[in-house]
Amino acid sequence: MEKVVFLDRDGVINRDKGYVHRWADFEFIPGAIEAMHQLSSRGFKLVVVTNQSGIARGYFTENDYFSLRNNINKFLMENDVNVLATYHCPHHPNGTVPKYALSCNCRKPLPGMLLAAARDYSINLALLKDRHLNLPFFLQTAILSLHNLK
Ligand SMILES: [Zn+2]
């Protein structure tokens, strides 16, 4: 089975300063790159899942988000950390940008991004779906990671 760890971005990989959308403002949390590198070197694939409601709120554009994502992934690759995929939710029901102002199934704690990753990369979520359906998203992902450790 593929070993996958799902990571949030803001507050896990980088300091959560609120709607971070510029590389100049992006500050890695000390130890985060090292931890990701260790996970990689133990055979875990890294998938980043992040709520980015600042897009729906009009604080920044989805292209701003992609630009920052590219900078992050480039920097990580230069540090021998390969991120398999990054998923983001640009939505928020109270957003001001009509295209993104909706209730979706990808905004955490809903599992849409996890399910998308499972579909795109053939990640087996069977155990998690059967036994932990009612748990919050990140508890589910933690359990998935533990399961894959065995
Ligand atoms: Zn969404």
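A residue counts here as buried if 20 or more other C-beta atoms lie within 10 Å of its own. The model on screen is predicted, and the tour below applies that cut-off throughout.

**Whole chain**

Colour the chain by secondary structure. Five helices and three strands appear, and from the N terminus they follow the order β-α-β-α-β-α-α-α. The chain has 150 residues, of which 25% are buried. Among contacts between residues at least 6 apart in sequence, 65% link residues at least 24 apart.

**The sheet**

Select the three strands. They make an open sheet with the order 1-2-3 and parallel pairing. Strand 1 and strand 3 are the edge strands, each pairing on one side only. On average, neighbouring strands in this sheet are turned by 20° against each other, direction ignored.

Next, show strand 1 with strand 2. Four bridges join these two strands in the parallel sense. Phe6 has Val47 of strand 2 as its bridge partner. Follow the backbone between the two strands: it passes from strand 1 through helix 1 to strand 2, a right-handed β-α-β crossover.

Now move to the other side of strand 2. Strand 2 and strand 3, residues 83-89, pair in the parallel sense over six bridges. Two places to label are Asn51, whose bridge partner in strand 3 is Cys89, and Thr50, which stands opposite His88 in strand 3. From strand 2 the chain crosses through helix 2, residues 62-78, to strand 3, and this β-α-β crossover is right-handed as well.

Select strand 2 alone. This strand is mostly covered, with five of its seven residues buried.

**Helix 1 and Leu39**

Zoom to Leu39, which sits in helix 1, residues 32-41. Is Leu39 buried, partly exposed or exposed? Leu39 is partly exposed, because 18 other C-beta atoms lie within 10 Å, whereas a buried residue needs 20 or more. Leaving aside residues up to four places away in sequence, Leu39 touches Val5, Phe44 and Leu46. Draw a distance from Leu39 to Val5: the two are 34 residues apart in sequence, with their C-alpha atoms 8.2 Å apart in space.

**Helix 3**

Select helix 3, which spans residues 112-121. Helix 3 lies across strand 1, strand 2 and strand 3, and runs at about 145° to strand 3. Its buried residues include Met113, Leu114, Ala117 and Ala118. Look down the helix axis: the buried residues fall within an arc of 140°, so they line one face of helix 3. An α-helix has 3.6 residues a turn, so residues three or four places apart point the same way. Turn the view to the face of helix 3 directed away from its buried side, where the exposed residues Arg119 and Asp120 are found. Just after helix 3 comes Ser122, with a positive phi near 50°.

**The core**

Finish with the largest nonpolar core, which has 18 residues. Which residues have the most contacts inside this core? They are Phe6, Leu7, Leu46, Val47, Val49, Leu114 and Ala117. Strand 1 (4-7), strand 2 (45-51) and helix 3 (112-121) are the elements that give two or more residues to this core. Centre the view on Ala117: apart from residues up to four places away in sequence, Ala117 touches Val47, Ala85, Tyr87 and Ile123. In soluble globular proteins, nonpolar side chains tend to be buried together.

Conventions. Residues are numbered from 1 along each chain as its sequence is written. This is a predicted model: local features need pLDDT of at least 70, side-chain atom pairs count only at pLDDT 80 or more; totals for chains, interfaces and linings use all residues. A residue is buried if 20 or more other C-beta atoms lie within 10 Å of its own, exposed if 12 or fewer, and partly exposed in between; C-beta atoms are placed from the backbone. Two residues are in contact if their C-beta atoms, placed from the backbone, lie within 7 Å. A nonpolar core is a set of buried Ala, Val, Leu, Ile, Met, Phe, Trp, Tyr and Cys residues joined through C-beta atoms within 7 Å. Two strands pair if DSSP finds at least two bridges between them. A crossover is right-handed if, with the strands pointing away from the viewer, the path from the first strand over the helix to the second runs clockwise. The arc is that of the directions from the helix axis to the C-beta atoms. Axes are lines fitted to C-alpha atoms, for helices over the stretch in contact, and angles run from 0 to 180 degrees between N-to-C directions.
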